[in-house]
Each structure stands twice: as structure tokens, then as C-alpha cells.
Amino acid sequence: MKKLNRNTSDGISKRPVKVLQFGKGNFLRGFVDWMIDILNEKTDFDGDVQIVESIDNGLAAKIEEQEGLYHVVLEGLQCAKKIRETRLITCVRGVINPKKNYKTFLKLGKNPHLQCIISNTTEAGIVFDPEDTSFETLPNSFPGKLTALLYYRFLHYKGSNNDKIIILPCELILQNGERLEEIVLQYAKLWDLPEGFAYWLKKNIIFCNTLVDRIVTGFPKDTSTQIQKEIGYEDNLIVKAELFHLWVIEKFDSLREMFPLDDAALNIKFVKNLSPYRTRKVSILNGAHTAMVPLGILHGIDTVKEVLENPKTFTLITQIIFDEIIPTLDLPEAELIPFANTVIERFKNPFINHKLASISLNSISKFRVRVLPSLLSYFEIKGKLPPGLVTSFAHLMVLYRGYLNDKIFSLKDDPYVIEFFNEVWNSEDIENIVQQILSNTKLWETDLNTVTGLQAQLSQDIDKILATEN
């Protein structure tokens with residue numbers, strides 16, 4: 001079998017590097033680079049991607065060995081039909097490690113073709129590190145490295161108003177573009193850079209808030225041999241992902257011609273305010289994910305797909321999504337119902353074996369952020385409690401009891417959370433247990449005993465769950 005590289009693959013030419021990408025992980029390669037590859041095919045964008053390595057984990061060597069080439073395999077359901085697509089990605093040029101050659105990294109700022117900088121350095125990546133005291137040595141943080149690169153560009157072009165650059169962070173934090181811009185300006189102040197640099201940033205560098213959505217599972221260990229036979233190459237960088245994709249980008253209209261993603265028939269939304277779309281994703285997709293974990297585990301179910309295949313839990317999850325979450329969201333039903341139907345289809349994806357145990361990590365904080373707002377909003381709007389969400393809450397409390405019948409649950413959470421629930425569940429008085437849990441403002445950031453009827457309904461639901469014990 002042939003090794004995958006540009007010599008063994010015909011008709012692949014190098015394009016100008018128009019995108020600088022901080023991060024080389026599965027998500028960026030299965031989402032952003034996949035999109036840019038389609039952009040090259042369907043529009044006149046004609047641009048390649050230069051990757052900047054943030055973590056040295058050996059993957060860069062594989063990317064260099066395959067000269068940036070790899071395949072993306074998309075699998076999922078579409079209108080209840082199983083779909084599988086494979087695409088050779090040709091837009092990745094290679095990987096540069098700033099730790100190995102800081103000067104080479106800075107010279108990327110001179111690139112006259114550069115139009116876009118993209119990042120996915122995890123939620124912890126967009127932070128200010130006060131230890132990064134100078135641009136003359138390599139900063140530790142991603143924003144520090146970005147500031148140094150942009151300052152090098154400013155110096156190279158002598159502060160002229162040259163072509164604009166779009167910054168599209170993919171980190172899942174609120175207002176990711178605005179936050180990144182704040183930190184870059186913070187470094188400019190810390191490093192005592194000329195005032196003209198801050199002015200140049202405002203004029204030439206456009207920081208956009210973004211929201212990304214696609215499940216990317218990475219290298220398919222179990223099926224890689226079969227896939228390699230099908231594509232006819234030895235590809236050690238195969239990325240497997242679901243069919244669904246969505247990229248919501250804020251304050252971008254004036255620059256769409258530079259990065260014409262919507263001209264490539266991709267699921268892109270350019271909006272003035274992405275907050276409703278973030279709320280939609282967090283409430284419907286992430287909220288349903290989080291709500292189903294305790295329901296599924298306590299029903300002896302192992303995977304997300306099996307939750308949707310079980311008639312009882314399927315009914316409960318669809319009730320939670322359509323009857324209890326959607327009525328609380330500030331978007332037209334035309335935006336919500338199709339998205340919710342897509343979420344259900346994604347949950348049923350037969351190609352993704354998504355274990356409930358793997359998404360149960362830190363379930364308490366996830367419930368507070370993703371589910372509790374819907375529960376409280378429903379109560380405020382309807383004047384009554386949402387039965388499905390309350391049932392999920394009751395199952396969550398029992399899950400953190402640590403056992404049910406002869407089943408012991410392996411809980412992964414903050415030590416304080418585990419210790420608190422262990423102590424609370426030493427009691428046999430369910431009403432007192434629920435009262436203590438609801439009053440813990442460290443868990444919920446509010447005293448939930450003030451929600452009329454919540455304590456009584458949760459106590460009743462927990463009694464029913466525990467009544468199944470022998």
C-alpha cells in the first residue's frame with residue numbers, strides 16, 4: 001500500500017498560505033481544514049493552511065511525513081439514511097513549532113497573502129499569562145504568541161494600513177474573539193509597545209466571536225485498516241467526524257469576500273449577535289446531552305444512541321427538548337425545531353459509540369450551566385415546573401449517591417462535590433437530603449429552595465427511583 005504524500009497523490013499543487021492555524025488537533029483538521037478544502041474546490045479562495053504547533057505530542061511528525069495530506073471520513077444519519085463520505089484534505093501545508101524556531105514563527109507575520117488566523121487551543125488557551133513579560137523571547141500563552149506575531153507584522157509593514165486579517169478563535173468560551181482581543185491589547189500594554197500598534201490593530205485586525213459545532217472523534221482505530229484499503233493509501237492521520245457542522249460568526253459581513261465560506265454551500269451563519277445561537281446549542285444539544293446522562297445510567301444504558309433507542313428514555317428526552325427547553329429560547333421556531341430534529345438524528349448516529357460514562361465528567365457543573373437555566377426559565381414563563389427536567393435532576397441526585405441496587409457508579413467530579421454528596425447521602429431523610437442539595441449555593445450559585453415546589457417534586461421523584469431497590 002502506498003504511503004500518503006504529495007508524490008504519491010496526483011494533481012495536488014501548493015497554494016499561497018492564506019490561513020495561519022494555531023493548533024493541529026482532530027477538531028481543527030476535521031472541521032476548519034475540511035471547510036477550507038471545500039472552499040478551495042468551490043470558490044476562487046485558492047489558499048493553504050500553515051499550522052502552528054502549541055503542544056508537541058508527536059502528531060507534527062506524522063503531518064510532515066504525509067506533507068499535510070490526510071482523509072476526513074464523515075459518517076452519520078441524513079433523513080434517516082446512513083451516509084458515509086471520504087475526502088482527501090490537500091490544503092494543509094505543514095507544521096511550525098515556535099519552541100524550536102521562534103524567528104521562523106515570527107516571519108510568518110510577513111506573509112503578504114495572510115488573510116485569516118484561526119485557533120483552537122482549548123478553553124484554557126485564551127488566557128493572560130503575566131510571566132510573558134516580553135516579545136523578545138517566546139511567550140508561553142497563545143495570546144502572547146499571537147501578539148508577538150502581529151507586532152512583527154506591524155514592524156515589517158511599518159504600521160501601514162495593509163490588507164486586513166480576520167481572527168477566528170474556535171475556543172468554546174463566551175465572546176472568544178473579544179476576549180482574545182482584550183488580552184492582545186493587555187500584552188501590548190505590558191510590553192510597552194508603541195501606541196501606534198494598538199491603533200494599527202483596531203484598523204487592520206478583525207477579532208470575531210464564533211461558535212463551532214461538530215463532533216469529531218479522531219483517528220478510527222477500530223476501522224482504520226478497512227478505510228486505508230478503501231482509499232488505497234497508508235494514512236496515519238485519518239480524522240473521523242459526524243456529518244453535521246455549523247460555524248456561526250459574528251461581525252463579519254464586511255469581510256465575507258475575503259473568506260467566502262457561505263459561497264461553498266457550507267452550514268455557515270454570519271450574524272450580528274451569536275448569543276441566541278450559543279444559547280440554542282448549549283440548551284438543546286449540550287443540555288439534552290447532560291440531562292440524559294443520569295437518566296440513561298440509572299436505567300442501565302451505556303451510550304447516547306441507546307438512550308434514543310429505549311422507548312421510555314427516548315420519550316423523556318424528546319419531551320425535554322421540544323416541550324421544556326425550546327419554549328424558553330429566544331429564537332423563532334423555524335430556527336429551533338429543525339436544529340432540535342438534527343440533534344436527535346445526531347444522537348442516533350450509529351457510527352459514534354458515545355459512552356454516557358465518558359460525558360458524565362463534572363455532571364454537576366454541566367447541569368448548572370446547561371440544564372438549570374432552562375428549568376428556571378420554564379418555571380418563570382409557565383408558572384410551573386418542567387416535569388422532564390425535574391426528573392433528570394432527581395436522577396442526577398441519585399447518581400451522585402453513588403449506587404442504586406447492586407450497581408455502583410464511578411463518579412468523576414471535583415473532590416468537594418464528591419465529598420458533599422457522600423456526606424449528604426449519609427441521611428435517610430429524602431426531604432432533608434434534597435433541601436441540603438438545593439441550598440448549596442457553591443453548586444448552583446443560588447439557593448434553589450426558593451423555587452416553589454421544586455424540593456417537594458424532587459423528593460417525590462427520588463422516592464420513586466429508590467422504590468425500585470430490593
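**Helix packing and strand pairing in the predicted model**

Helices H6 and H7 cross in a right-handed manner. The residues that bring the two helices into contact are Glu181, Val184, Leu185 and Ala188 on the H6 side, and Phe197, Ala198, Leu201 and Lys202 on the H7 side. Sorted by character, the residues of this contact comprise six nonpolar, no polar and two charged ones. As this is a predicted model, the description concerns computed geometry throughout. A pair of packed helices can be described by two quantities, the angle between the axes and the distance between them. For H6 (residues 176–190) and H7 (residues 195–204), the axes come within 10 Å and cross at roughly 160°. Angles over 145 degrees count as roughly antiparallel, and H6 and H7 are therefore roughly antiparallel to each other.

A second helix pair can be read in the same way. Helix H15 spans residues 415–424 and helix H16 spans residues 430–439; their axes lie 10 Å apart, at an angle of about 155°. With that angle, H15 and H16 are therefore also described as roughly antiparallel to each other. Their crossing is right-handed. In this contact, Phe420, Phe421 and Val424 of H15 meet Ile433, Gln436 and Ile437 of H16. Five of the contact residues are nonpolar and one is polar, while no charged residue takes part.

Attention now turns to the strands. In a sheet, strands pair through backbone hydrogen bonds, and the pairing may be parallel or antiparallel. Strand S8, made of residues 165–169, is mostly covered, with five of its five residues buried. The side chains of Ile165, Ile167 and Pro169 point one way from S8, whereas Ile166 and Leu168 point the other way, and all of these residues are buried. S8 has strand S7 (residues 116–119) as a parallel partner, joined to S8 by four bridges. Within that pairing, Ile118 has Leu168 of S8 as its bridge partner. S8 also pairs with strand S9 (residues 205–207), again in the parallel sense, over three bridges. In this case Ile166 is matched with Ile206 of S9. Residues of S8 thus appear both in the description of burial and in the bridges to neighbouring strands, with Leu168 paired to Ile118 and Ile166 paired to Ile206.

Another sheet is open and consists of three strands in the order S10-S14-S15, with mixed pairing. Its edges are formed by S10 (210–213) and S15 (268–271); each has a single partner strand, so one side of each is left without a neighbour in the sheet. From one strand to the next, the twist averages 10°. S10 runs antiparallel to S14 (residues 246–250), and four bridges join the two strands. One of the residue pairs in this arrangement is Thr210 with Ile249, its bridge partner in S14.

Finally, a single residue gives a close-up view. Gln50 lies in strand S3, which covers residues 48–52. Buried residues are those under 20% relative accessible area; Gln50, at 10%, is therefore buried. What surrounds this side of the picture becomes clearer from the contacts: leaving aside neighbours within four places in sequence, Gln50 touches Val17, Val19, Leu20, Gln21, Arg93, Gly94, Val95, Ile96 and Leu108.

Conventions: Residues are numbered from 1 along each chain as its sequence is written. This is a predicted model: local features need pLDDT of at least 70, side-chain atom pairs count only at pLDDT 80 or more; totals for chains, interfaces and linings use all residues. Side-chain values use heavy atoms; hydrogens and water are left out. Buried means under 20% relative accessible area, exposed over 50%, partly exposed in between (1.4 Å probe, protein chains only). Two strands pair if DSSP finds at least two bridges between them. Axes are lines fitted to C-alpha atoms, for helices over the stretch in contact, and angles run from 0 to 180 degrees between N-to-C directions. Angles under 35 degrees count as roughly parallel, over 145 as roughly antiparallel, 65 to 115 as roughly perpendicular and the rest as oblique. A crossing is left-handed if the near helix is turned anticlockwise from the far one by less than a right angle, and right-handed if clockwise. Contact means heavy atoms within 4.5 Å. Ala, Val, Leu, Ile, Met, Phe, Trp, Tyr, Cys and Pro count as nonpolar, Asp, Glu, Lys and Arg as charged, and the others, Gly among them, as polar.
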